[in-house]
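Hi,

Here is the structure I said I would pass on. Have a look at it first, and then read my notes below.

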Amino acid sequence: MLATDDDLLKQAETWRREGRGVALATVVETWGSAPRPVGSHLVIDAEGTFMGSVSGGCVEGAVVTEALDVIESGAPKMLEFGVADETAWKVGLSCGGRISVYVEKVT
Amino acid sequence: MDLALLVKLNQERAARRAAVLVTEIATGAQRLVLEKDVAHDPYAAFLTDALRMGKSGVIESEGHKVFLTVQAPVLRIIAIGAVHISQALVPMAQQLGHDVIIVDPREAFASPERFPDVPVHAEWPDLVLPKLGADRYTAYLMLTHDPKIDDPALQFALTSEAFYIGALGSRKTHGKRLERLQAMGFDEQTLKRIHAPIGLNIGAISPAEIALSILGEITAKLRLKPDGTKIGN
């Protein structure tokens, strides 16, 4: 079951114990009509498999790409998505909100 | 995040204890604060607030940003009555991420065959409920229609911190129930905690529809402020 964000933390633990490279992305701040609340998680493995969500599906692709970098380098990243952002028009939030997503490696 | 930290966080959750993961955003440094240690933490005031609201978020302390990942225990629904409604309710509640426990002293109802996926206690509520432990992350549903079973469960629920208490039955049935509970010494304010007739008014008829209306009401209780407006994200 992956009904709650806490279940996703369990998923991260399971994947890491299996020896997979794992990153955890967390919505840390939102402005305006953000689709998922602060504390929402996306768990990503080194193959790009992901569970959970940090938006309504708008920016997950971009977060997964960044997460693969984080798994590779080990250095955490803060990602910003929003309508004012250049990249937003490519992968932005259609709802018009703005979010910060913290991506860290599970070591 | 260190795997050991993640494991500890998941263990605390399984043990129904709240915990807060503190991340210094600039450095990525992390530590876990257990519920029992919150009072002595340098961020005690922030942590206490975050835990009460059950909400994760960024705080600013002495010029640096810190992210708090708040983990409150899984919500637990204790259903008194191993009835048809409860059978419909189990998979829906699980889909929502809640734990369910069934209590019914009638062994023919409280059989594992009827409830293969959840703990079933074929015991009287007044005996078993204290053993299951009561906390503010618990909801009690009185679903037997039988005062002999529902009333002792209500007596226990009303003295607990449970965030939701609901009882099945018409307004007339509930009126009689309130009279009995008043006679037992419960005051009006306390009795207002009981949601009855149970569930949102969606015209539910079938057991599954009633289960849906109950879970809708529990969700509203969790997500709405008392004035009916949404708690901000």
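A salt bridge here means a side-chain nitrogen of Lys or Arg within 4 Å of a carboxyl oxygen of Asp or Glu. By that rule, the interface of chain A and chain B has two of them. Bear in mind that this is a predicted model.

One I can point you to pairs Glu29(A) with Lys65(B), whose side chains meet at 2.9 Å, N to O. As for what chain A brings to the contact, the elements giving two or more residues to the side that touches chain B are α1 (5-17), β1 (22-31) and β5 (98-106). Of that side, α1(A) supplies the largest share, with eight residues. Sorted by type, the residues on the side of chain A that touches chain B come out as 13 nonpolar, six polar and nine charged.

Now the interface as a whole. Chain A puts 28 residues into the contact and chain B puts in 25. Together the two chains bury about 2100 Å², and carbon and sulfur atoms account for 56% of that. Besides the salt bridges, I get nine residue pairs in polar contact across the interface of chain A and chain B, counting pairs with both residues at pLDDT 80 or more.

The other thing to look at is inside chain B. The assignment splits chain B into domain 1 (3-71) and domain 2 (76-223). Their centres, taken over C-alpha atoms, are 32 Å apart. Each side gives five residues to the contact between domain 1 and domain 2 of chain B.

How much area do domain 1 and domain 2 of chain B bury between them? About 350 Å², with 23% of it on carbon and sulfur atoms. On the domain 1 side, Arg16(B), Glu35(B) and Leu51(B) supply 83% of the area buried against domain 2, more than any other three residues.

Arg16(B) turns up again in a salt bridge, with its side chain meeting that of Asp135(B) at 3.2 Å, N to O. The count between the two domains of chain B is one salt bridge, and there is also one residue pair in polar contact, again with both at pLDDT 80 or more. The side of domain 1 of chain B that touches domain 2 has two nonpolar residues, no polar ones and three charged ones.

If you open the model, I would begin with Glu29(A) and Lys65(B) at the chain interface, then go to Arg16(B) and Asp135(B).

Cheers

Definitions and conventions
Residues are numbered from 1 along each chain as its sequence is written. Chains are lettered from A and ligands numbered from 1 in the order in which they are written. This is a predicted model: local features need pLDDT of at least 70, side-chain atom pairs count only at pLDDT 80 or more; totals for chains, interfaces and linings use all residues. Side-chain values use heavy atoms; hydrogens and water are left out. Contact means heavy atoms within 4.5 Å. Buried area is the accessible area (1.4 Å probe) that two parts lose on being put together, summed over both. A polar contact is a pair of N or O atoms within 3.5 Å; within protein, one must be able to donate a hydrogen and the other to accept it, and residues adjacent in sequence count only if both atoms are side-chain atoms. Helices (H or I, at least four residues) and strands (E, at least two) are DSSP runs, numbered from the N terminus. Ala, Val, Leu, Ile, Met, Phe, Trp, Tyr, Cys and Pro count as nonpolar, Asp, Glu, Lys and Arg as charged, and the others, Gly among them, as polar. Domain bounds come from an automatic or database domain assignment.
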